[in-house]
Amino acid sequence: MRLDRFLYHHSPHGRRAIRPILAAGRVRVEGAIEKDSQCEIGDFTQVELDGVLLRADTPVYIMLNKPAGYLSATTDLQHPTVMELIDEPQTLHIAGRLDRATTGLLILTNDGKWSRQLTDPPHHKRDGVPKVYLVETAEPITQETHAHFTQGIYFAYEDLTTRPAELEILTPRQARLTLYEGRYHQIKRMFHAVGNRVTALHRLSVGKIQLDPELKPGQYRTLSEAEVRSISPVND
Ligand code: URA
């Protein structure tokens, strides 16, 4: 957003007052006087007017061990939502939802640019960030399932074939599955397509961010700097 629009939205002054305020050197951006009304203001840029910070949003990045039964939504009339588990003054959004019954790693942030790397990677990158799940199923998981998931499963509704997914069979009804995309109910639909049914689903990791084993269901912690940086855009 441009500085003049930012000032209009974040100060009590009307549109016509903004130019004289800027010309008088009353506005600082990241600590330095800024007179250019076209100066670009990012999500977390610090802007002061007459020495008062107009917005003090600091980026927040959280990992939650999501318990079963909580919706990945901000509000719901019927079910509890994951937001009810988080006590943060900032308005956060969910970077990659989990179904209500699914447990494990859920990431929340107020940094939209950062979370888009997880949920909407640029098209020129062949693969999205890998997401690893533990899956339990009603029927034994066969080697054919492994082959099908590697080839991709056709989803008629979207008219697409899922990207190759890595399936590691751990016990007859338990596997570790790595996905490089996140489609609606993807894992349930993939197993359904091969005549099986998911009975439990738990997310272990997203990229290099692994669910902290210290976190009990419903507990959360902020991400370390290294975890945040691990998702930063790469220049390729
Ligand atoms: N796939 C699903 O089917 N459910 C989830 O919660 C995540 C991936």
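**Exercise 1.** How many aromatic pairs does the structure hold?

*Solution.* The model is predicted. The structure holds 2 aromatic pairs. Take them in turn.

**Exercise 2.** Classify the pair formed by Y61 and W114, and place both residues.

*Solution.*
- Step 1: The ring centres of Y61 and W114 are 4.9 Å apart, and the cut-off for a pair is within 6.5 Å.
- Step 2: Their planes stand at 65°, so the pair is edge-to-face; the cut-off for that class is over 60 degrees.
- Step 3: Y61 belongs to strand β5 (residues 61-66) and W114 to helix α3 (residues 112-119), so the contact ties together parts 53 residues apart in sequence.
- Step 4: Y61 has 13% relative accessibility and counts as buried. W114, at 6%, is buried.

**Exercise 3.** Repeat the analysis for F149 and F191.

*Solution.*
- Step 1: The ring centres of F149 and F191 lie 5.0 Å apart, with planes at 80°, so this pair is edge-to-face.
- Step 2: F149 sits in helix α4 (residues 143-151) and F191 in helix α5 (residues 186-193), so the pair ties together parts 42 residues apart in sequence.
- Step 3: F149 is buried, at 0% relative accessibility. F191 is buried, at 0%.

**Exercise 4.** Which rings have the charged end of R15 or the residue R189 over them?

*Solution.*
- Step 1: R15 places its charged end over the ring of Y8, 4.0 Å from the centre.
- Step 2: R189 lies over the face of F155, 4.0 Å from the ring centre.

**Exercise 5.** How far apart are the C-alpha centres of domain 1 and domain 2?

*Solution.*
- Step 1: Domain 1 covers 3-53, and domain 2 covers 61-122 + 208-229.
- Step 2: Their C-alpha centres are 33 Å apart.

Terms used: Residues numbered from 1 in each chain as written. Predicted model: local features only at pLDDT ≥ 70, side-chain atom pairs only at ≥ 80, totals over all residues. Heavy atoms only, no water. Domains from an automatic or database assignment. Phe/Tyr/Trp six-rings, centres within 6.5 Å; stacked < 30°, edge-to-face > 60°. Helix = DSSP H or I, 4+ residues; strand = E, 2+ residues; numbered from the N terminus. Buried < 20%, exposed > 50% of the residue type's maximum accessible area, 1.4 Å probe, protein only. Lys NZ or Arg CZ within 6 Å of the ring centre and 35° of its normal.
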